[in-house]
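Open your viewer and get ready to click along. We will go from stop to stop, selecting a few side chains each time.

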Amino acid sequence: MVGPRRPVFVLFGSSIVQFSFSNGGWGATLADIYARKADILLRGYSGWNSRRALQVVDQVFPKDAAVQPSLVIVYFGGNDSMGYHSSGLGPHVPLSEYIENMRKIASHLKCLSEQTRIIFLSCPPINEEKVRQNSSAAFCNLDRSNEACRRYSDACIELCKEMGLKVIDLWTAVQKRDEWETTCFTDGIHFSSVGSNIVVEEILKVLKEAEWEPSLHWKSLPAEFGEDSLGDLVASDGKTTINISELTFHRETQWD
């Protein structure tokens, strides 16, 4: 730990999480929004499915840890939804198993502490043509389809409704964007800055509307060392100072 304790937000998932600090990613944007307010920790594992995540969830989130996260944002499903390979190898997880894996992950996280909040992200759509264009000869054919993504997205949403968890329907949210297939992805799967901004907007909406005590919305959290000081910038009257700890002039997007 460094300095005073802040709320800890953990991003847990596959490559959409691991890459979320790249290319104007949603994880990096959250880290900027929550500067001096919360620590954003990245626990992303490219290529993973829910089966692999379940195997190590108690290592990533030990129940006896001295400090438990205030928020965990979870994403698995894109790799699970890939087609079955005849060798039995690969990331595909049958839909029924995916649901149970995600249920067990959620149950584990709910046991961490009474103050640990959870948001699941459902499977977003993909640009199937761009995925085919970007396929590498190092891999077998990537059997990905929007229809499979939709089924796994729907399953995640229904599970969260059943368990009383917050969930963001990325399948729907992304497709509301004009020309989403060409603007929201870098490679047909992973988010561009445009796609990442959609994720951020949806996360902030949940945090703002959630009836959680304390609130985890960024405007509700105090800035660390945010008290007024005579060492702050001098105001135009030449007699007072202005505390700039929460100014957001540097952001191209002014988040709500």
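This tour of a predicted model visits aromatic rings, then charged pairs, and ends at an aspartate.

**Stop 1: two rings from separate parts of the chain**

Select F12 and Y45. How are their two rings arranged? The centres are 6.4 Å apart and the planes stand at 80 degrees, so this pair is edge-to-face. F12 belongs to strand 1, while Y45 sits in the loop between strand 2 and helix 3, so the pair ties together parts that are 33 residues apart in sequence. Check the surroundings too: F12 is buried, at 0% relative accessibility, whereas Y45 is partly exposed, at 23%.

Now add W48, F61 and F76 to your selection: together with F12 and Y45 they form one aromatic cluster.

**Stop 2: a tilted pair**

Next, select Y98 and Y152. Their ring centres lie 5.2 Å apart with the planes at 55 degrees, so the pair is tilted. Y98 is in helix 4 and Y152 in helix 6, 54 residues apart. Are these tyrosines buried or exposed? Y98 is buried, with a relative accessible area of 1%, and Y152 is buried as well, at 2%.

**Stop 3: a charge over a ring**

Select R251 and W218. Here the charged end of R251 sits over the ring of W218, 5.2 Å from its centre.

**Stop 4: salt bridges**

Side chains of opposite charge can pair when their charged atoms come close. The model has 14 salt bridges, and we will visit some of them.

Begin with E224 and R6, which meet at 2.9 Å, N to O. E224 is in the loop between helix 9 and strand 6, and R6 is in the segment before strand 1, 218 residues apart. E224 counts as buried at 17% relative accessibility, while R6 is partly exposed at 22%.

Move on to R51 and E97, a salt bridge of 2.7 Å that links helix 3 with helix 4.

Then try E100 and R103, joined at 3.2 Å. They are 3 residues apart in helix 4, so about one helical turn separates them. Finally, add D39 to R6 and E224: salt bridges that share partners join these three into one network.

**Stop 5: an aspartate without a salt bridge**

Select D232, in the loop between helix 9 and strand 6. Which side chain of opposite charge is nearest to D232? That is R36, 7.5 Å away, and the buried D232 has no salt bridge. Its side chain does reach the backbone nitrogen of S229, at 3.1 Å. D232 also touches residues farther along the sequence, including T241 and N243.

Conventions
Residues are numbered from 1 along each chain as its sequence is written. This is a predicted model: local features need pLDDT of at least 70, side-chain atom pairs count only at pLDDT 80 or more; totals for chains, interfaces and linings use all residues. Side-chain values use heavy atoms; hydrogens and water are left out. Helices (H or I, at least four residues) and strands (E, at least two) are DSSP runs, numbered from the N terminus. Buried means under 20% relative accessible area, exposed over 50%, partly exposed in between (1.4 Å probe, protein chains only). Lys and Arg count as positive and Asp and Glu as negative; His and the chain ends are not counted. A salt bridge is a side-chain nitrogen of Lys or Arg within 4 Å of a carboxyl oxygen of Asp or Glu. A polar contact is a pair of N or O atoms within 3.5 Å; within protein, one must be able to donate a hydrogen and the other to accept it, and residues adjacent in sequence count only if both atoms are side-chain atoms. Contact means heavy atoms within 4.5 Å. Rings of Phe, Tyr and Trp (its six-membered ring) pair if their centres lie within 6.5 Å; planes under 30 degrees apart count as stacked, over 60 as edge-to-face and the rest as tilted. A charge sits over a ring if NZ of Lys or CZ of Arg is within 6 Å of the ring centre and within 35 degrees of the ring normal. Lists of a residue's contacts leave out its neighbours within four places in sequence.
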